[in-house]
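User: I've got a small model open and would like a close look at one part of it, with enough of the surroundings to make sense of it. Could you walk me through it?

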Amino acid sequence: MENCDNCNDEVGHVWKYRRPTETMTYWREERRCASCHPRIQERFGQAGT
Ligand SMILES: [Zn+2]
């Protein structure tokens, strides 16, 4: 099991999520579960809520 960096939930799988920092000098890499990862939400959020 792995932990999501955003909600801290223990999930079966996390995806790497790179987001720009405030300074934009480097990308902060986080590990996010499906419900926290915007790209994964696009793929699995079929209801579009
Ligand atoms: Zn999460």
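Where does N8 lie in the chain?

Analyst: Happy to. Keep in mind throughout that this is a predicted model. N8 lies in the loop between β1 and β2, the latter being residues 10-11. The backbone does something to look at there: phi of N8 is near 65°, which is positive, and N8 is not a glycine. As background, most residues other than glycine have a negative phi. As for burial, N8 is exposed because just 9 other C-beta atoms lie within 10 Å, and the cut-off for exposed is 12 or fewer.

Now for the surroundings. The protein chain has one helix and four strands, and along the sequence they come in the order β-β-β-β-α. So you meet N8 early on, between the β1 and β2 of that pattern. Of the 49 residues in the protein chain, 14% are buried. Among contacts between residues at least 6 apart in sequence, 34% join residues at least 24 apart.

How far can you trust the picture? The protein chain averages a pLDDT of 86, and 90% of the residues score at least 70. Confidence is highest in strand β1 (residues 2-3), at 95, and lowest in helix α1 (residues 38-44), at a mean of 83. In general, coordinates should not be read in detail where pLDDT is low.

Start at the chain's beginning. M1 sits in the segment before β1 and is exposed because its C-beta has 8 neighbours inside 10 Å. Setting aside residues up to four places away in sequence, M1 touches E10, V11 and G12. Its C-alpha is also 9.0 Å from that of V14, 13 residues along the chain.

V11 comes up again if you jump to C33, in the loop between β4 and α1. Leaving out neighbours within four places in sequence, C33 is in contact with C4, C7, D9, V11 and V14. C33 is buried because 22 other C-beta atoms lie within 10 Å, against a cut-off of 20 or more. From C33 to K16 the C-alpha distance is 8.9 Å, with the two positions 17 residues apart in sequence numbering.

One step back is R32, in strand β4. R32 counts as buried because it has 22 C-beta neighbours inside 10 Å. With residues up to four places away left out, R32 touches C4, D5, N6, V14, W15, Y17 and H37. C4 and V14 are therefore on the contact lists of both R32 and C33, where a contact means C-beta atoms within 7 Å. R32 and E2 are 30 residues apart along the chain, and their C-alpha atoms are separated by 9.4 Å.

β4 has a partner, too. Strand β3 (residues 15-20) and strand β4 (residues 27-32) pair in the antiparallel sense over six bridges. Within that pairing, K16 stands opposite R31 in β4. The two strands form a hairpin with six residues between them, and M24 in the turn has a positive phi of about 65°. If you're collecting positive phi values, put M24 on the list beside N8.

Last stop is the helix, where I40 is found in α1. I40 is partly exposed because it has 17 C-beta neighbours inside 10 Å, which is between the exposed and buried cut-offs. Not counting residues up to four places away in sequence, I40 touches W15 and A34. The C-alpha atoms of I40 and W15 are separated by 8.3 Å, with the two residues 25 apart along the chain. W15 also turns up among the residues R32 touches. Do remember that α1 is where confidence is lowest, at a mean of 83.

Back to your residue, then: N8 is exposed, with 9 other C-beta atoms within 10 Å, and has a positive phi near 65° in the loop between β1 and β2.

How values were computed
Residues are numbered from 1 along each chain as its sequence is written. This is a predicted model: local features need pLDDT of at least 70, side-chain atom pairs count only at pLDDT 80 or more; totals for chains, interfaces and linings use all residues. Two strands pair if DSSP finds at least two bridges between them. pLDDT is the predictor's confidence in each residue, from 0 to 100. Two residues are in contact if their C-beta atoms, placed from the backbone, lie within 7 Å.
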